[in-house]
Amino acid sequence: MGLLSDPNRRKAITTARILILNMILVLHGDSVVCYLAGIAWFMGLAFEPFTLRTYMSENAMGSTMVEERFPSGERALATAREFAAHKKKVGGMPVDWLVKTMRAQGLEVFTQSFSRNLPFPDESKERFVVRGTNVYGILRAPRAPRTEALVLSAPCSPGNSNNQAVGLLLGLAQYFRSQIYWAKDIIFLVNEHDLIGVQAWLEGYHHTNITGMGYTPLQGRAGSIQAALSLELNSDVVTSLDLVLEGLNGQLPNLDLANLFHAFCQKLGILCTIQGKLQRSDWDTVEGYTHSAQTMLLMVLKQASGRPWGEHGLFLRYHIEAASIRGVNSFRQYKTDATSIGRLFEGMVRKLNNLLERLHQSYFFYLMPSLTRFVSIGYYMPAFGLLTTILLLRALDLWVHLGTPTPVTEDGVGEGESPSSPGLLSVLTPVVISHLTGVALYTLPVLSQEMAVEHFPVSETEAVVLTAIAIYTAGLALPHNTHRLISGEGTEQGWRVLKLVALLYLAVLLGCTALINFSLGFILAVTLVPAAACVTPHVPKALSAVAMVLLSPGCTILYCVFLFQELQEVPVSLAEGWMLFLSVISQGILDHALYGSLVYPLLALLVYPCWLLFWNILFWK
């Protein structure tokens, strides 16, 4: 008891035990084991016995059956052809024709004008200002207090794209008008300019303005929106329906919405896919596992991008459960007619009409290797935990070394004396410079585009992307700038303290990112953790510098571009991949400005400065 009650002896015993435990872990390759275990755990999630079978959690949607009777598929296609003719005639959104048609169907029809100034032209259309008009009709619930609503939307896309979806939407509106069992208002929305139009309508509906959008106030409103479905039919021949779930900043709708889609596809005999891939039953073969792994990785990459992959993605920000259903023409031996698609939507809307409360009983955090299997958050988070454990072990190792007394030496330094602590300036300076570089990467590409266009033969979009790459590359000179500001050379304890701070910083950063967007956090952990764990000033500089650059956030984006193309079975050459990489950068900056995507500011203001701290440690003097 006396031994344990003495603070100095207790501290010595604790320190000795930690040192012994840490040495044992290091000797057994703790980092390598945790890293390989984390990767193996994650890839094992695509194996069907390790996943859960999907099931309907909401009783209101699973306990009642509905009979789909939508008969007007051919009439909807005729309406689509008429819509296409008027769209071609006016050279854009046929607002007057849509208003007249919806009113003839008995809907309360309203329009909304909007405009949006882009920070720089988008690459596809080269436009600085976007102006358009949304048209929406409201079918009032005949036997309800009109406090809740559902949304069916279809974008008015340029050219001949999505005309069938608008025609089917109008056909459903006419059919729904003749039914009397609706307990919720139903809003039929035809929006212009895709996501920008949806953003303007949602901000107008909820009386918010979070992205600087200019729009006219909505003259007609329904109840609180409970769910939304978006339809996209970009081909005259539809062979299957693809479910799109990934929304803004990696948000996903309630899993019951995906289960509802799959249940009606099975009931109506419609071929359905997710990530453009069919369901396979040979899960116990190598081909079956590879197929599931590809599907899951595609979902991870899409979720990590932070961009909305359909119009539904912006509804999720307002806690509205939404999904996009996209008709594709990829399987020639199948064909789905408009009547079947209409009955699918009728069945889903009628099931959602039965809800007494918002969808909440099923999962909001999940991955889907197929439409019949899913991986819950309790299954995939251990893979991330194994990777971040490496950072904590390395931080513990540094903390123990920093607190260990120096041994007796010949020059008279006695045992028990604490080593000289590094100056605050030597640790604080690289932290400040790294984050100032991140601020420059976040702000200067857009602010300096006019100057770049004046001095170089590039467009505004190219100027923004090339400026971002230039600032990112200039950050590699950080160690030299840092040491110029520090009087004298850095100490051995200095880089240890800096690495301890950087390891804890990275662990907290990745942990918070994974809670919001697991896919983004996991991808960053896969590339950043090895570099963070192994970097020291005593490793070979040239080889380590190359490895650090290859594991940097910018190169991670480049790898994801090539991997995404491979998983979609559309491989690209190095030159094509580089152009896609530049396009991804510009789109990421534009998504942040237009919709509030958090991926670009996260990478520029936090992840990149954190990586620069480890880069500074590598070149510590």
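**Exercise 1.** At roughly what angle do the axes of helix α3 (residues 30-44) and helix α13 (residues 377-403) cross?

*Solution.* The model is predicted; local features need pLDDT of at least 70, side-chain atom pairs count only at pLDDT 80 or more, and totals for chains, interfaces and linings use all residues. Residues are numbered from 1 along each chain as its sequence is written, and side-chain values use heavy atoms, without hydrogens and water.

Step 1. Take the helices as DSSP runs (H or I, at least four residues), numbered from the N terminus. Fit axes to C-alpha atoms over the stretch in contact; angles run from 0 to 180 degrees between N-to-C directions.

Step 2. The two axes come within 8 Å and cross at roughly 165 degrees.

Step 3. α3 and α13 are therefore roughly antiparallel (angles over 145 degrees).

**Exercise 2.** Sort the residues of the contact of α3 with α13 by class.

*Solution.* Step 1. Contact means heavy atoms within 4.5 Å. α3 contributes residues including Cys34, Trp41 and Phe42, and α13 residues including Leu386, Ile390 and Arg394.

Step 2. The classes come out as twelve nonpolar, three polar and two charged. Nonpolar covers Ala, Val, Leu, Ile, Met, Phe, Trp, Tyr, Cys and Pro; charged covers Asp, Glu, Lys and Arg; the others, Gly among them, are polar.

**Exercise 3.** Describe the ring pair of Phe42 and Phe518.

*Solution.* Step 1. The structure holds 22 aromatic pairs (ring centres of Phe, Tyr or Trp, its six-membered ring, within 6.5 Å).

Step 2. Phe42 and Phe518 lie 6.4 Å centre to centre, with 40 degrees between the planes. That is tilted (neither under 30 degrees, stacked, nor over 60, edge-to-face).

Step 3. Phe42 sits in α3 and Phe518 in helix α19 (residues 518-534), 476 residues apart.

Definitions and conventions. Helices (H or I, at least four residues) and strands (E, at least two) are DSSP runs, numbered from the N terminus. Angles under 35 degrees count as roughly parallel, over 145 as roughly antiparallel, 65 to 115 as roughly perpendicular and the rest as oblique.
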